[in-house]
Amino acid sequence: MRITRTPLAFSLAALLALGACGGEDAPQTLPPSAAPGADAMGQDMDPEMMALIGELQELQQQLGPIQDQVMQDPELQRHLEEVRDQVDQAMRADNPELLDRMSSLEAEFVAAQEAEDQARMQELGMQAQAMEMELRQAQEAVLSRPDIQERIEAFEAEQRAKMLEIDPEAGSMMDRMDEIVERLGW
C-alpha cells in the first residue's frame, strides 16, 4: 500500500507532525516564516496553478466544518491518537538527535521571545527554517513505512466514511480535491 497525498492526508500529516515535534501542547511560537513552504508558495507560479490552489483552499474551507465535526467523535480521536503515537515513536527512534535539536530550538525561541530579543528570535527562526527540510525528510521516511501507511489509510477511510455520513456531497468535494492535488503533482 502507498499513501496517496489526498487533502485529508495533508491535514493528517500536519497533525502527525505536531505529534512528532512535541504534540499539540508544544509551544506554537516559531514565526510563520519557519513554517513549511512559507516562502515557496506564490513565487514563480503560473496562473493555472494559482487558480487550482485557490480552488483547493476553497474546497478545504467548505470541508473544514465537516472534518471538525467528524473529529469530535471519540473513537476517531482515539484512532488518530494511536496513529500519532506510532509516528511519534518511529520519529523518535529514527531521529532522536534531530528532534532534540528542534526541541532545544523551540525552548531557545520561547526564552528569546520572553526576553523580547528580536534579533535572537530572527536568528532562531532562520535556524528552524534550515532544519525544516531535514525534519520533513525524516517525517516522509517514517510516513512511507508500510506499517504506518496502513494505519494512516485506515484512519483516512474511517474519517472519510464519517464525513460522508454527515454530508454525502463531501465525497464529490474530496474527489475534486484529489484531482487537483494529482494535477499539481503533490
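Visitor: Is the crossing of α2 and α6 right-handed or left-handed?

Guide: The crossing of α2 and α6 is right-handed. The term applies if the near helix is turned clockwise from the far one by less than a right angle, whereas an anticlockwise turn is left-handed. This is a predicted model, in which local features need pLDDT of at least 70 and side-chain atom pairs count only at pLDDT 80 or more, while totals for chains, interfaces and linings use all residues. Residues are numbered from 1 along each chain as its sequence is written, and side-chain values use heavy atoms, with hydrogens and water left out.

Visitor: Why are α2 and α6 called roughly perpendicular to each other?

Guide: Their axes cross at roughly 110 degrees and come within 9 Å. Angles of 65 to 115 degrees count as roughly perpendicular, those under 35 as roughly parallel, those over 145 as roughly antiparallel, and the rest as oblique. α2 and α6 are therefore roughly perpendicular. Each axis is a line fitted to C-alpha atoms, for helices over the stretch in contact, and the angle runs from 0 to 180 degrees between N-to-C directions.

Visitor: Which residues make the contact of α2 and α6?

Guide: α2 brings L63, I66, Q67, Q69 and V70, and α6 brings Q159, K162, M163 and I166. Contact means heavy atoms within 4.5 Å. By class, five of these residues are nonpolar, three polar and one charged. Nonpolar covers Ala, Val, Leu, Ile, Met, Phe, Trp, Tyr, Cys and Pro; charged covers Asp, Glu, Lys and Arg; the others, Gly among them, are polar.

Visitor: What makes V70 count as buried?

Guide: V70 is found in helix α2 and has 3% relative accessibility. Buried means under 20% relative accessible area, exposed over 50%, and partly exposed in between (1.4 Å probe, protein chains only). V70 therefore counts as buried. Leaving aside neighbours within four places in sequence, V70 is in contact with L76, Q159, K162, M163 and I166. V70 and R160 are 90 residues apart in sequence, and their C-alpha atoms are 9.0 Å apart.

Visitor: How do you know whether D68 and Q57 are buried or exposed?

Guide: D68 lies in helix α2 and has a relative accessible area of 51%, so D68 is exposed. Q57, also placed in α2, has 46% and is therefore partly exposed. The C-alpha atoms of D68 and M163 are separated by 9.6 Å, at 95 residues apart along the chain. For Q57 and M177, 120 residues apart along the chain, the C-alpha separation is 9.1 Å.

Visitor: Why are α6 and α7 called oblique to each other?

Guide: The axes of α6 (residues 146-166) and α7 (residues 170-184) cross at roughly 135 degrees and come within 8 Å. That angle belongs to none of the other classes, and α6 and α7 are therefore oblique. In their contact, R160, M163 and L164 of α6 meet A170, G171, M174, D175 and D178 of α7. These residues divide into four nonpolar, one polar and three charged.

Visitor: Which residues have the most contacts inside the largest nonpolar core?

Guide: They are L63, V87, M91 and I148, in a core of 39 residues. A nonpolar core is a set of buried Ala, Val, Leu, Ile, Met, Phe, Trp, Tyr and Cys residues joined through side-chain atoms within 4.5 Å. At least two residues each come from α2 (47-70), α3 (74-94), α4 (96-114), α5 (118-143), α6 and α7. α5 gives the most, with eight residues. Of the 186 residues of the protein, 38% count as buried.

Visitor: What makes the phi of E116 worth a remark?

Guide: E116 has a positive phi of about 55 degrees although it is not a glycine. Most residues other than glycine have a negative phi. E116 sits in the loop between α4 and α5 and, at a relative accessible area of 65%, is exposed.

Visitor: How many helices and strands does the protein have?

Guide: There are seven helices and zero strands. Helices are DSSP runs of H or I of at least four residues, and strands are runs of E of at least two, numbered from the N terminus. Among contacts with a separation of 6 or more, 81% join residues 24 or more positions apart.
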